[in-house]
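Today I want to look up how the aromatic rings in this structure are arranged, and to write down what I find.

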Amino acid sequence: MEFEFTAEVIEWRGPAPYYYAVVPDGPSEAIHEVAGAVTYGWGVIPVEAWLGGTRFTTSLFPRDGGYLLPLKDAVRRPLGISAGDQVPVRMSLAVR
């Protein structure tokens with residue numbers, strides 16, 4: 001499954017701040033339908049994602065009925081992405 005969408009970037013303030021792109025409702029609903037077959041535990045789902053021309057791998061985190069796409073600093077900082085930005089995302093669920 002592959003998705004393209006625009007996502008809002010949020011900052012999660014915890015012991016270490018982290019940034020996430022919020023997966024919109026439509027893709028989240030489609031992912032939820034197959035989550036049981038693609039999760040490797042705790043509801044996290046491995047994905048391959050692209051921001052601009054930058055490709056990276058990570059895992060979606062379930063949150064409030066939807067999903068959050070973690071944005072690694074090594075990806076986010078060179079692209080100048082901050083909390084509150086709207087970013088174009090291309091993402092595919094990793095086949096295991």
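I began with Tyr20, which counts as buried because its relative accessibility is 9% (buried means under 20% relative accessible area, exposed over 50%, and partly exposed in between, with a 1.4 Å probe and protein chains only). I note that this is a predicted model, in which local features need pLDDT of at least 70 and side-chain atom pairs count only at pLDDT 80 or more, while totals for chains, interfaces and linings use all residues. Residues are numbered from 1 along each chain as its sequence is written, and side-chain values use heavy atoms, with hydrogens and water left out.

Next I looked up the partner of Tyr20 on another strand: Tyr20 and Phe61 form a tilted aromatic pair, 5.8 Å centre to centre with 55 degrees between the planes (rings of Phe, Tyr and Trp, the last by its six-membered ring, pair if their centres lie within 6.5 Å; planes under 30 degrees apart count as stacked, over 60 as edge-to-face and the rest as tilted). Because Tyr20 lies in strand β2 (residues 18-23) and Phe61 in strand β4 (residues 54-63), the pair ties together parts that are 41 residues apart in sequence (strands are DSSP runs of E, at least two residues, numbered from the N terminus). Phe61 is partly exposed, at 36% relative accessible area, and Tyr18 is also partly exposed, at 35%.

I then counted 2 aromatic pairs by this rule. Tyr18 and Tyr20 form a tilted one, with 5.5 Å between centres and 45 degrees between planes. Ring pairs thus link Tyr18, Tyr20 and Phe61 into a cluster.

Notes: Helix = DSSP H or I, 4+ residues; strand = E, 2+ residues; numbered from the N terminus.
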